[in-house]
Amino acid sequence: MAFDRKEITSRLLRLMHSNNTGALIAFSNGIATIADTDAIWSLTRYRAIGKTALIIAESGDEKLIVTPKWDLHRASACFDGSKIATDDFEAELKNELSRMIIQGNVAIAGKSSIDNLTEETIRSLAGTKNLIDGDIIVRELGKIRSEDELHSASRAAGIAEKGYHKLLECASTNMYEYELAAEVSSYMRSLGSGDVFQLLCASQHNLYLHHPTNRLLEENDIILAELSPSVDGIFMQACHTVVIGEVSAELQKNYDLLIRAFEDGLDEIKLGRTVGQVATTVNKRIEEAGYKEYCRPPYTRARGHGLGIGSILPGDITPENNTVLEEGMMFVLHPNQYLPETGYLLCGDTVKISGGHAVRLSETKLAIGSVSGEK
Amino acid sequence: MQTLTPVVMRGRAAWDQALLPADEFKLRINSIQQQMKDDQLDTLLVFGSGLGYADLCYVSNYVSSLQWGLAAIPSSGDPILLLGARAGSIEFQRTLTWIRDVRRVSDAGAMTKQVLSDLGSERVGIVGGLDCIPSAIYARVSTAFSKLQTSNQSKKIRKLRRRKSPREIEVIKRAITCARTSRGILLSHEEGVTNYEASTHAELSALKAGASDIRILVNKGDDGDVYPAEEARSHTKNVTAYIGVMYLGYWAEALGTNAAASEVSSLATEAMERLIDSLKIGVSCSELAKIAKVSGYASIPFLSGSLGCGIGLDLAEQPTLRVGSPEILEENDLLSLRLGLVDSKSGPVIESRTVLMGKKGPVLL
């Protein structure tokens, strides 16, 4: 089913009513992160450039406040309700909050992007009303991915696979990390990816994944590439490891371990099981191979995560996460791991829960890549 | 210029010590510490995050995009950098800053309190607290100084940032080269290539040249409305383009259209020359905006009635050149000038320049 704003708003109003919430203020300042839910995008599919608020009262009264003023045409294409474009966000927010009749609590969504100035404006106008966490509501609304979201994610997965092949085609000695990163990300953009989240680096023994630097690629380098293209705002993520030169027996052995851990995790993803069970299963395989101490920070943080801009649920794939898996959820499963013999390795793919079990979005078999250094 | 902010910087992340060596930052810290003594401040806390990195980068070279950060500058001695980075990445973050004492934050309030105590702080200045850090994080950090005497020092640091050093100009020149090359690529594509494809070629050029990030706005049709390049997918006829390029944290802009020469394009060029001829230290920015006004033509909506502003670590710094602006030009201001007109027949035209306010007058970069 395609995104239906009226249906989302209707569900939102029901949730607000059951939580004694008189109004929800969704906020974005245009600073997007794949690590969190963008409340404005989630409720409207409008990706903000500047400070933007959507105020929805329990009565159904709603108003979208857009900055900068000139971006009204983009907002209008996504939001058919009442809206105003302005270059004075705080003044307009004050006007609207004063105008609307709000009873009960006020929920704020988009807290991770709210600056102090905006929060002070909201607090001063909310008066004695309780300010409550609206992010919980918005994340809950989007945790089950719609058919159009899953379709976009599949298209993004196709782009990521082509991006990976571009990496294999381009990677060579005597090129800088950032040049390789540029080739891959720009290629994925040319294939129709909107925004791209990409971390790419290389070393003979990687300690962690990071942004591309000035480092010149060398023979026997291990390239780490986390490729996350997006289509219509929906991100997917694929994690790859590529060697310049031959894959040593030790590296192959370690990478096979990560593939088995990924497959174990995949098998564990079933309706009714928890995210924590999936993470524990992935860890078990790696711990039993003798790497227990490397299954926690600073070596490893999580075995995957939800993909933001939309709902970040089911959250980080960690043993402590008790979120119950449901049909239609989507997240990246990645047993990315530092191993003392070979360094940090990336291995993972985005999965959706369909038909009660996990389905990978990529068609490419998980394997360590290998390229010749000279091109 | 505001544009869609991507989820991550897609380009190079490195501290280039040849262009911006540690002594460049040491000199900045010396100036700040002198000001702190004048203001009787014990410690200055400079915040940065995805909401705004410029102040923090000015004192540390650290571009806070995915992580938030906080530099604690004592009135004498070296600063301490606290980063909300993941445990596994802190070693990499250390390579991006000249500050030697970099600490990963686990408990923001407790760690800040400890640092303030170690520095013997009673009077604390805050930079970027209102606008450069999410309120949820600030609430945790501010428990450390809730009982101390605090003052907002953002304006003073931003005034220091306004004066560009020769090294900063050198970095910005590289950003300008990237931006202009990308603009040339974007505007020179032949019909049949979509604006979207042309944008990706322009991006590739800048990123391969070592840019840290690139932002593009481009039109879909002939109405003057522009869209982030992530979304624009139309033909390349009558392209209106905005390019912003970040190089080692510093921004430069290039704007343009591929409209054929016309009466309105000549008027825009003349107005830009008039504006540049009028740039003098001490001149009112509001008056400058009036001098460059061209009657009879609408301005381009996304320029928001402005003729430009200062540029540097922020895409929009002081001063702003618009009617009503209270600011005046100062020596070493670096200005990104933009002048656009819409003609109902020939479409929009845009002129853009980057100008350094030298002692003897404006210097075109």
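In this predicted model, the buried residues of helix 10 of chain A are A:V275, A:G276, A:V278, A:A279, A:T281, A:V282, A:N283, A:I286 and A:Y291. The elements that cover them include helix 9 (249–268), strand 12 and strand 13 (337–339) of chain A. A:T280 also belongs to helix 10, which spans residues 275–291, but this threonine counts as partly exposed because its relative accessibility is 40%, a value between the 20% and 50% cut-offs. Its side chain still finds a partner inside the helix: the side chain of A:T280 reaches the backbone oxygen of A:G276 at 2.8 Å. A:G276 is itself among the buried residues of the helix. Looking further away, A:I244 lies 36 residues from A:T280 along the chain, and the C-alpha atoms of the two are separated by 33 Å.

With helix 10 in view, it helps to step back to the whole of chain A. Its secondary structure comprises ten helices and 17 strands. The radius of gyration is 22 Å, close to the 21 Å that the globule rule gives for 375 residues, so chain A is as compact as a globular protein of that length. Along the principal axes, the C-alpha atoms fill a box of roughly 70 × 45 × 35 Å. Of the 375 residues in chain A, 63% are buried. Among contacts with a separation of 6 or more, 67% are made by residues 24 or more positions apart. The chain exposes about 13,800 Å², and carbon and sulfur atoms supply 48% of this area. Chain A carries 38 positive and 52 negative charges, and the mean positions of the two sets are 4 Å apart.

Strand 3 (residues 62–66) of chain A offers a good place to look at a single side chain, for it holds A:K63. Is this lysine buried or exposed? A:K63 counts as buried, because its relative accessibility of 13% falls under the 20% cut-off. A:S82 sits 19 residues away along the chain, yet the C-alpha atoms of A:K63 and A:S82 are separated by 5.1 Å. The side chains of these two residues are joined by a polar contact of 3.0 Å. Leaving aside neighbours within four places in sequence, A:K63 is in contact with A:A53, A:L54, A:I55, A:S82, A:K83, A:I84, A:E96 and A:M100.

A:T86 is located in the loop between strand 4 (83–85) and helix 4 (89–99) of chain A. With a relative accessibility of 10%, A:T86 counts as buried. The side chain of this threonine reaches the backbone nitrogen of A:D88 at 2.8 Å. Apart from residues up to four places away in sequence, A:T86 touches A:I65, A:V66, A:T67, A:P68, A:K69 and A:E92.

A serine in strand 8 (residues 222–231) of chain A, A:S228, gives a further example. At 0% relative accessibility, A:S228 counts as buried. Its side chain and that of A:Q237 are joined by a polar contact of 3.0 Å. A:Q237 also appears in the list of residues that A:S228 touches, together with A:I34, A:D195, A:V196, A:F197, A:F235 and A:M236, once residues up to four places away in sequence are set aside.

The backbone has some points of interest as well. Most residues other than glycine have a negative phi, and most peptide bonds are trans. Against that background, A:N174 has a positive phi of about 65° although it is not a glycine. This asparagine is found in the loop between helix 7 (147–170) and helix 8 (177–190) of chain A, and at 62% relative accessibility it counts as exposed. A:I309 likewise has a positive phi, near 75°, and is a residue other than glycine. A:I309 is placed in the loop between strand 11 and strand 12 (330–333) of chain A. What is its relative accessible area? The value is 1%, so A:I309 is buried.

Two cis peptide bonds complete the picture. In chain A, the bond from A:P297 to A:P298 is cis, with omega near 10°. A:P298 falls in the loop between helix 10 and strand 11 (304–305) of chain A, which leads back to the helix described at the start. In chain B, a cis peptide bond joins B:Q318 and B:P319, and its omega is about 0°. B:P319 belongs to strand 13 (residues 317–320) of chain B.

Methods
Residues are numbered from 1 along each chain as its sequence is written. Chains are lettered from A and ligands numbered from 1 in the order in which they are written. This is a predicted model: local features need pLDDT of at least 70, side-chain atom pairs count only at pLDDT 80 or more; totals for chains, interfaces and linings use all residues. Side-chain values use heavy atoms; hydrogens and water are left out. Helices (H or I, at least four residues) and strands (E, at least two) are DSSP runs, numbered from the N terminus. The radius of gyration is taken over C-alpha atoms; the globule rule is 2.2 Å times the number of residues to the power 0.38. Buried means under 20% relative accessible area, exposed over 50%, partly exposed in between (1.4 Å probe, protein chains only). Contact means heavy atoms within 4.5 Å. Accessible areas come from the Shrake-Rupley method with a 1.4 Å probe; for residues, only the protein chains shown count as cover. Lys and Arg count as positive and Asp and Glu as negative; His and the chain ends are not counted. The place of a charge is taken as NZ of Lys, CZ of Arg, CG of Asp or CD of Glu. A polar contact is a pair of N or O atoms within 3.5 Å; within protein, one must be able to donate a hydrogen and the other to accept it, and residues adjacent in sequence count only if both atoms are side-chain atoms.
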